[in-house]
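Here is a short briefing on one protein chain. Please keep the sequence and the 3D view open while reading.

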Amino acid sequence: MVSAALIRLFCIVAMLAGVSARAADDAAPTSDWLQDRLRLSGFGTAGYSWYSSTDADYVGTQQPDGPGRTGQSSGSLDSNLGLQLDARITGSLGATLQVLSEYLPEGTWTPRLSVGSLRWEATDQLALRIGRFQSSTFLATDYRYVRFANPWPRPPREVYGVQPTTRLDGADLSWQMPLNGGRLQLRAGGGEVSSGAVASTAGKADEIVYRGGFLRAQWESGGWLASASFTHDRVSFAPSGVVGQALQLLAKLDPAAGEAAIVEDKPNSALALGLAYDSDTWVVQAEWARAWNESILIDRSGAYLQAGHRFGPALPYLMVAERWTHGQKIHSANPAAESLLRVLYRNQHSDQRSLTLGMNLELRERLMLKSAVEWVKPDSGGTGLQGNIGPGYSREAPKSERLLTLNLDFVF
């Protein structure tokens with residue numbers, strides 16, 4: 001079901017496109033000046049997904065529900081619509097505004113500002129950016145929401161959920177130079193980012209805030225792309241509901257363990273490595289990420305490998321992915337507190353493996369159909385990356401589930 005907000009955003013796109021067309025018809029010097037300095041574009045996905053489970057939902061990293069237990073089919077998992085305006089203010093100063101409508105942690109489709117930044121190109125090699133922009137942790141950074149530009153229907157959650165940050169409010173400095181027949185770009189910056197962290201059993205979104213900095217190196221040469229990033233920040237998270245009550249009880253049972261467990265301005269770090277090769281025939285891509293911190297949040301890692309071969313406009317591919325967690329860090333000599341800690345860590349046990357068989361079919365130059373079948377197998381003792389867990393779910397013997405996806409990606 002398409003929300004009213006999404007419909008309104010489509011209307012805005014159509015209206016602005018009409019304004020742009022009328023401007024193009026006017027041959028006045030003013031309109032030519034505007035056309036040289038303003039560029040309006042957009043992107044979107046009309047998605048459909050079906051999940052085999054009746055005891056859990058397949059959810060996006062920051063979504064409260066999805067196909068499965070809530071309803072076996074859904075259009076909310078991947079559907080989005082974005083509108084972007086790029087402006088060249090002077091020869092060295094530019095601005096970007098992007099508005100995006102997608103299914104939010106709050107369960108709404110309200111359009112919001114996903115990018116709003118100024119970029120100053122001091123030289124051909126050095127640039128400063130300030131405002132809101134996409135975080136630079138993974139291979140899919142600037143085009144993460146432009147699903148048309150990515151080789152899968154959605155970023156693999158096993159990796160991209162390790163550090164669930166997408167937008168950064170702050171500044172970064174980038175420097176680039178030729179290297180070994182390619183181009184090396186180094187980027188450093190920092191700021192604040194907030195995102196919804198969805199409780200796996202309640203489907204409720206609580207805000208998690210990261211404040212800190214990052215370093216990123218990226219090298220491109222021909223069809224090759226390699227990246228490495230390191231993020232260090234302070235994380236704050238005040239969970240509501242049962243988890244919040246459990247942390248309050250822990251503080252009463254063992255104040256030292258309670259202080260160690262609380263997520264209030266605690267150090268958090270993440271490391272990510274990526275390598276991709278894209279040619280006229282082959283597409284191969286792999287990423288690995290690890291995040292660790294000093295709180296009750298469990299340390300986690302993830303990796304995936306994707307390989308595909310082009311046959312004209314068709315790209316069939318196979319992808320394997322895995323998420324694993326790293327056990328209990330905080331302990332207590334108080335038996336009741338230790339038992340509670342074990343439960344808190346067990347509920348974060350998101351280990352799972354997945355296998356995806358997909359097909360991308362380019363229908364037109366700016367229109368692509370993506371279909372995929374994904375087999376998901378949570379490890380024993382946890383729920384994997386599923387959400388909205390029902391009372392009938394078996395943690396001891398979780399079932400292998402199937403996700404069917406059919407998306408239409410477009411840019412304009």
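**Charges over rings, and the wider fold**

The charged end of Arg157 lies over the ring of Tyr58, at 3.8 Å from the ring centre. Note that the model is a predicted one. Its chain has 6 helices and 17 strands. Of its 412 residues, 47% are buried. Take the contacts between residues at least 6 apart in sequence: 61% of them join residues at least 24 apart.

**Aromatic pairs**

- A second charge sits over a ring: the charged end of Arg129 is 4.0 Å from the centre of the Phe133 ring.
- The structure contains 6 aromatic pairs. One of them joins Tyr51 and Tyr58 in an edge-to-face arrangement, with 5.5 Å between the centres and 70° between the planes.
- Tyr51 counts as buried because its relative accessibility is 0%. Tyr58 has 2% relative accessibility, so Tyr58 is buried too.
- Phe138 and Tyr160 form a tilted pair, 4.3 Å centre to centre with 35° between the planes. Phe138 lies in the loop between strand E6 (126–134) and helix H3 (157–160), and Tyr160 lies in helix H3, so this pair ties together parts that are 22 residues apart in sequence.
- Phe138 is buried, at 2% relative accessibility. Tyr160 is buried as well, with a relative accessible area of 1%.
- Trp152 joins Phe138 and Tyr160 in one aromatic cluster.

**Helix H6**

- Helix H6 spans residues 335–346 and has 12 residues. From first C-alpha to last it reaches 16 Å, close to the 16 Å expected at 1.5 Å a residue.
- The buried residues of H6 are Ala337, Glu338, Leu340, Leu341, Leu344 and Tyr345. They lie on the same side of H6 because they cover an arc of only 160° around the axis.
- What does the buried side of H6 pack against? Its buried residues pack against helix H4 (241–253) and helix H5 (255–261).
- Pro335 and Arg342 are exposed, on the face of H6 turned away from the buried side.
- At the start of H6, a side-chain oxygen of Asn334 comes to within 2.9 Å of the backbone nitrogen of Ala336.

**Asp409 in strand E17**

- Asp409 is found in strand E17. Is Asp409 buried or exposed? Asp409 is buried, with a relative accessible area of 0%; the cut-off for buried is under 20%.
- Which side chains make polar contacts with the side chain of Asp409? Thr45 does so at 2.7 Å, and Lys370 at 3.1 Å.
- Thr45 and Lys370 are also among the residues that Asp409 touches, not counting residues up to four places away in sequence. The rest of that list is Gly44, Arg147, Phe148, Arg366, Leu367 and Met368.

**Ala397 in the loop before E17**

- Ala397 sits in the loop between strand E16 (367–378) and strand E17 (401–411).
- With a relative accessible area of 53%, Ala397 is exposed. The cut-off for exposed is over 50%.
- Ala397 and Asp379 are 18 residues apart in sequence. In space, their C-alpha atoms are 8.2 Å apart.

Note on methods. Residues numbered from 1 in each chain as written. Predicted model: local features only at pLDDT ≥ 70, side-chain atom pairs only at ≥ 80, totals over all residues. Heavy atoms only, no water. Helix = DSSP H or I, 4+ residues; strand = E, 2+ residues; numbered from the N terminus. Expected span 1.5 Å × (residues − 1). Buried < 20%, exposed > 50% of the residue type's maximum accessible area, 1.4 Å probe, protein only. Arc of directions from axis to C-beta. Contact = heavy atoms within 4.5 Å. Polar contact = N/O pair within 3.5 Å; in protein donor to acceptor, adjacent residues only side chain to side chain. Phe/Tyr/Trp six-rings, centres within 6.5 Å; stacked < 30°, edge-to-face > 60°. Lys NZ or Arg CZ within 6 Å of the ring centre and 35° of its normal.
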